[in-house]
Amino acid sequence: MYVIIVFITLFVFTIIKYSNQPINVTYLSCYNILVLLWTLPLAISINDMEGMECFLRRVNWILLVWLVIVAAQGIAYMMNENLILGFQDMLSGAIRSRNSRIRLN
């Protein structure tokens, strides 16, 4: 409940303080606080050691898939300087490169 109250307060304050800023940009600047809400289901699901091991196995598989996707993105960018899988939609900033390597913000 406190996390939601803090999020709403921050969101309203940001809307008032930066009234010319679009709502979606305001949301993107505030939504990181909502990550704290993930602690509740995690705490419930990993209540015992067996639940913790199962949870960590699932996280490992998810991270393995994510790392394969990121590696494929890096290879595709080095070959033809294109972003795959719509990564440009996930970026909040500009796409930059340095030393022939992509820098995602």
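**Notebook: helix H1 and its aromatic pair**

I counted the secondary-structure elements and found five helices and two strands in the protein chain. Read along the sequence, I noted the pattern α-α-α-α-α-β-β. I keep in mind that this is a predicted model.

**Confidence.** I looked up the pLDDT before going further. The protein chain averages 77, and 74% of the residues score at least 70. Confidence is highest in H1, at 85, and lowest in helix H5 (residues 87-90), at a mean of 58. Where pLDDT is low, the predicted coordinates should not be read in detail. I therefore chose H1 for closer inspection, as the element with the highest confidence in the protein chain.

**Whole chain.** I checked burial and found that 12% of the 105 residues of the protein chain count as buried. I then took the contacts with a separation of 6 or more: residues 24 or more positions apart account for 19% of them. The accessible surface of the protein chain comes to about 8900 Å², and carbon and sulfur atoms hold 66% of that area.

**Helix H1.** I traced H1 over residues 2-17, which makes 16 residues. From its first C-alpha to its last, H1 reaches 22 Å, close to the 22 Å expected at 1.5 Å a residue.

I asked which residues of H1 are buried. I recorded Val3, Phe7, Phe11 and Thr14. These residues lie on the same side of H1, because they cover an arc of only 70 degrees around the axis. On the other side of H1, I found Tyr2, Ile16 and Lys17 exposed.

I next asked what covers the buried residues of H1. The cover includes helix H2 (23-30).

**Aromatic pair.** I searched the whole structure for aromatic pairs and obtained one. The partners are Phe7 and Phe11, with 5.9 Å centre to centre and 25 degrees between the planes. I classed the pair as stacked, because planes under 30 degrees apart fall in that category.

I located both partners in helix H1, four residues apart, about one turn of the helix. An α-helix has 3.6 residues a turn, so residues three or four places apart point the same way. I also confirmed the burial of the pair: both Phe7 and Phe11 are buried.

**Closing note.** I retain H1 as a helix with Val3, Phe7, Phe11 and Thr14 buried, and with a stacked pair formed by Phe7 and Phe11.

Technical notes:
Residues are numbered from 1 along each chain as its sequence is written. This is a predicted model: local features need pLDDT of at least 70, side-chain atom pairs count only at pLDDT 80 or more; totals for chains, interfaces and linings use all residues. Side-chain values use heavy atoms; hydrogens and water are left out. The expected span of a helix is 1.5 Å times one less than its number of residues. Buried means under 20% relative accessible area, exposed over 50%, partly exposed in between (1.4 Å probe, protein chains only). The arc is that of the directions from the helix axis to the C-beta atoms. Contact means heavy atoms within 4.5 Å. Rings of Phe, Tyr and Trp (its six-membered ring) pair if their centres lie within 6.5 Å; planes under 30 degrees apart count as stacked, over 60 as edge-to-face and the rest as tilted. Accessible areas come from the Shrake-Rupley method with a 1.4 Å probe; for residues, only the protein chains shown count as cover. pLDDT is the predictor's confidence in each residue, from 0 to 100.
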